[in-house]
Amino acid sequence: MDTELKVRLQEAVRIAKLLFDRNRVSGSAGNISFKYKGNIYISAGGTCFGWLTEEDFAVLAPSGNVISGKRPSKEYPMHKIIYDARPQTEAVIHTHSFYSVLASCLVKPGCRDVFTDITPYLRMKVGSVGMIPKAAPGSERLFELLKERVHNSDGYLLANHGPVVAGRTLQDAFYSLEELEETAKVHYYLNLFKGED
């Protein structure tokens, strides 16, 4: 394994652990991926972000075929759709972050931009966040719905499921996910307080 790949794998493992420790995922939920020399490295199916190791990744060719490693997350097509649509993307993270999931249950399906400009930071880190209509996790229907809407927004909320963000680096994707979750939290409380008037 070359040094640069090892560094990328270590960074993915570190970010996954941070997300687990910050309660952005639980159990074996969520998946993380990055591109390296044209191939996609994605967390294996059934892995836990809190215990992820450098060996817990599947390696996919640009076509999506598995080259080596473990069995990929069943949601790997979701990552591939984003990589294919956004050539500048080098990392994708999907979690079940609490406030983002909450927002994904409350917002109208098909919305191209879920959040108003509560703070400037979501726009700076992510951009617009669109809703992907409800479909079973890992289903062909979910992938079809994402593919139809992938160019409509910069980040995504899967209805009743969770956020998906992309970045030019793993670190960028991590920052985007954290900003999206913080915005979802602020959004929830602002609407709660408005309801008390």
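Start in helix α5, residues 140-149, where arginine 141 and glutamate 144 sit 3 residues apart, about one turn of the helix. In this predicted model, the two form a salt bridge, with the closest N and O atoms 3.3 Å apart. The spacing makes sense, because an α-helix has 3.6 residues a turn, so residues three or four places apart point the same way. Arginine 141 is partly exposed at 43% relative accessible area, and glutamate 144 is partly exposed too, at 40%.

Helix α1 offers another such case: glutamate 4 and arginine 8 are 4 residues apart there, again about one turn, and their side chains meet at 3.1 Å, N to O. Lysine 37 and aspartate 2 also form a salt bridge, at 3.5 Å. Lysine 37 lies in the loop between β1 and β2 and aspartate 2 in the segment before α1, so this pair ties together parts 35 residues apart in sequence. Lysine 37 is exposed at 68%, while aspartate 2 is partly exposed at 32%. The whole structure has 11 salt bridges.

Now move to helix α6, residues 170-194. Its 25 residues should span 36 Å at 1.5 Å a residue, and its end C-alpha atoms are indeed 36 Å apart. Its buried residues include Leu177, Leu180 and Phe174. Phenylalanine 174, at 12% relative accessible area, has a partly exposed neighbour in tyrosine 175, at 36%.

On to the rings, with 8 aromatic pairs in the count. Phenylalanine 98 and tyrosine 99 pair edge-to-face, 5.0 Å centre to centre with 90° between the planes. Phenylalanine 174 and tyrosine 175 make a tilted pair, at 5.9 Å and 50°. Elsewhere, Phe34, Tyr36, Tyr41 and Phe57 form one aromatic cluster.

Note on methods
Residues numbered from 1 in each chain as written. Predicted model: local features only at pLDDT ≥ 70, side-chain atom pairs only at ≥ 80, totals over all residues. Heavy atoms only, no water. Phe/Tyr/Trp six-rings, centres within 6.5 Å; stacked < 30°, edge-to-face > 60°. Buried < 20%, exposed > 50% of the residue type's maximum accessible area, 1.4 Å probe, protein only. Helix = DSSP H or I, 4+ residues; strand = E, 2+ residues; numbered from the N terminus. Expected span 1.5 Å × (residues − 1). Salt bridge = Lys/Arg side-chain N within 4 Å of Asp/Glu carboxyl O.
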